Amino acid sequence: MNTSTETPESKFGHIRSFVHRRSHITPGQKTALDRLMPQWAIPYRPAVLDLDKAFGRNAPTILEIGFGMGETTQKIAEARPDDNFLGVEVFNAGVGALLKRIDESGVRNIRIIQHDAVEVARDMIAPDTLAGVHIYFPDPWPKKRHHKRRLIQPPFIALLASRIRPGGYIHCATDWENYAEQMLAVLGGEPLLENTCDGYAPRPDFRPQTKFETRGLRLGHGVWDLIFKRK
Ligand SMILES: C[S@@+](CC[C@H](N)C(=O)[O-])C[C@H]1O[C@@H](n2cnc3c(N)ncnc32)[C@H](O)[C@@H]1O
């Protein structure tokens with residue numbers, strides 16, 4: 001059941017890529033939210049974030065948009081300890097789940113912002129700063145009338161490209177062929193970006209197979225990775 005509590009347009013005028021749902025949250029996730037937000041989460045503010053201060057060091061920073069339950073975020077952050085990972089997610093249970101993972105694993109290079117990633121990228125990330133952006137299995141919004149809610153659209157990709165430093169990358173993955181085609185067209189149409197491959201990319205070793213991907217593969221879907229670089 002869709003228990004949407006807001007209209008698709010945010011108060012800033014853009015169409016949201018998510019709807020707020022009343023979703024199940026486990027007691028462990030709830031406790032993690034209450035106890036660990038002050039330590040690992042950064043509140044949204046319409047002001048540029050000092051990344052060195054946020055992570056307590058100067059290191060390449062990867063923005064991950066829509067980390068879901070955070071399995072992939074944790075695995076990649078552990079495998080790449082010299083990089084900072086700024087995870088953005090709106091969903092309470094997901095934020096609680098990643099906070100719990102941080103606490104239990106001892107991984108120290110992840111920070112979380114619980115807010116619409118469109119506004120985070122626009123307001124909190126300075127131009128030419130990110131070493132990379134990860135967008136894995138964004139909501140496919142399969143119905144045609146909902147396509148306007150898809151995250152990968154020209155204005156948002158132009159914004160992200162402006163936040164990536166020259167030589168940095170954007171890596172997207174999806175198990176929806178029609179969305180993969182849209183991603184290829186939108187990323188390919190952004191003048192600041194160039195494809196690192198001829199079309200789709202092989203899954204890089206650093207990206208583990210996610211829960212959504214496993215489910216997609218089980219349903220017989222393909223999986224498409226795209227890796228573009230900032231010129
Ligand atoms: C289909 S899930 C994929 C989760 C995860 N990346 C994975 O591969 O398992 C997409 C996630 O993106 C989040 N999301 C959608 N739009 C968002 C936005 N504008 N800002 C932040 N998170 C968003 C949703 O809440 C959801 O958890």
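Two helices, α5 (117-124) and α8, each supply at least two residues of the shell around the ligand. The model you are looking at is a predicted one. In all, 23 residues surround the ligand, and the closest are Gly66, Gly68, Ala117, Phe137 and Thr210. Sorted by character, the shell holds 13 nonpolar, six polar and four charged residues.

Where does the ligand shell lie with respect to domain 1 and domain 2? Domain 1 (25-126) and domain 2 (127-231) both give residues to the shell, so it lies between them.

## The two domains

The domain assignment splits the chain into domain 1 (25-126) and domain 2 (127-231). Their centres, taken over C-alpha atoms, are separated by 20 Å. Across the boundary, 21 residues of domain 1 are in contact with 20 residues of domain 2. On the side of domain 1 that touches domain 2, β1 (61-65), α3 (71-79) and α5 each supply at least two residues. That side of domain 1 divides into twelve nonpolar, three polar and six charged residues.

Helix α3 is worth a second look here. Its buried residues are Thr72, Thr73, Gln74, Ile76 and Ala77. They are covered by elements including β1, β2 (84-88), α4 (92-105), β3 and β4.

## Annotated positions: a spread group and a clustered group

The unreviewed UniProt entry has a "binding site" annotation that covers Lys143, Asp175, Thr210, Lys211, Phe212 and Glu213. These residues span 71 residues of sequence and are also spread in space, with up to 23.2 Å between C-alpha atoms.

Two members of this group can be followed in more detail. Asp175 sits in the loop between β5 (164-174) and α7 (177-189), while Glu213 has its place in helix α8 (residues 211-218). Leaving out residues up to four places away in sequence, Asp175 touches Phe137, Phe212, Glu213, Gly216, His221, Gly222 and Val223. With the same exclusion of residues up to four places away, Glu213 touches Phe137, Asp175 and Val223. The contact between Asp175 and Glu213 therefore joins two positions of the annotation, given that a contact means C-beta atoms within 7 Å. Phe137, a partner of Asp175 and of Glu213, is also listed among the residues closest to the ligand.

A further "binding site" annotation from the unreviewed UniProt entry covers Glu64, Glu89, Asp116 and Asp139. Although these are spread over 76 residues of sequence, they cluster in space, with a largest C-alpha distance of 14.2 Å. Asp116 is found in the loop between β3 (110-113) and α5, and Asp139 lies in the loop between β4 and α6. Apart from its neighbours within four places in sequence, Asp139 is in contact with Ser17 and Phe18.

## Buried or exposed?

The table below sets out some acidic residues with their C-beta neighbours.

| Residue | Other C-beta atoms within 10 Å | Class |
|---|---|---|
| Asp175 | 21 | buried |
| Glu213 | 20 | buried |
| Asp116 | 19 | partly exposed |
| Asp139 | 17 | partly exposed |
| Asp205 | 7 | exposed |

Why does Glu213 count as buried? Glu213 has 20 C-beta neighbours inside 10 Å, and a residue is buried if 20 or more other C-beta atoms lie within that distance. Asp116 has 19 such atoms and so is partly exposed.

Asp205, with 7 other C-beta atoms within 10 Å, is exposed. Asp205 is found in the loop between β6 (193-195) and α8. The C-alpha atoms of Asp205 and Pro60 are separated by 19 Å, and the two residues are 145 places apart along the chain.

## Helix α6 and its two sides

Which residues of α6 (residues 154-163) are buried? They are Phe156, Ile157, Leu160, Ala161 and Arg163. Seen down the helix axis, these buried residues fall within an arc of 160 degrees, so they line one face of α6. An α-helix has 3.6 residues a turn, so residues three or four places apart point the same way. On the other side of α6, Pro154 and Pro155 are exposed.

The buried residues of α6 pack against α5, β4 (130-136), β5, α7, β6 and β7 (224-230). Helix α5 thus turns up again, as a packing partner of α6 and as a supplier of the ligand shell.

Technical notes. Residues are numbered from 1 along each chain as its sequence is written. This is a predicted model: local features need pLDDT of at least 70, side-chain atom pairs count only at pLDDT 80 or more; totals for chains, interfaces and linings use all residues. UniProt positions are given in the numbering used here, feature names are shortened, and annotations may be inferred rather than shown by experiment. Helices (H or I, at least four residues) and strands (E, at least two) are DSSP runs, numbered from the N terminus. A residue is buried if 20 or more other C-beta atoms lie within 10 Å of its own, exposed if 12 or fewer, and partly exposed in between; C-beta atoms are placed from the backbone. A residue is near a molecule or strand if its C-beta atom, placed from the backbone, lies within 6 Å of it. Ala, Val, Leu, Ile, Met, Phe, Trp, Tyr, Cys and Pro count as nonpolar, Asp, Glu, Lys and Arg as charged, and the others, Gly among them, as polar. Domain bounds come from an automatic or database domain assignment. The arc is that of the directions from the helix axis to the C-beta atoms.
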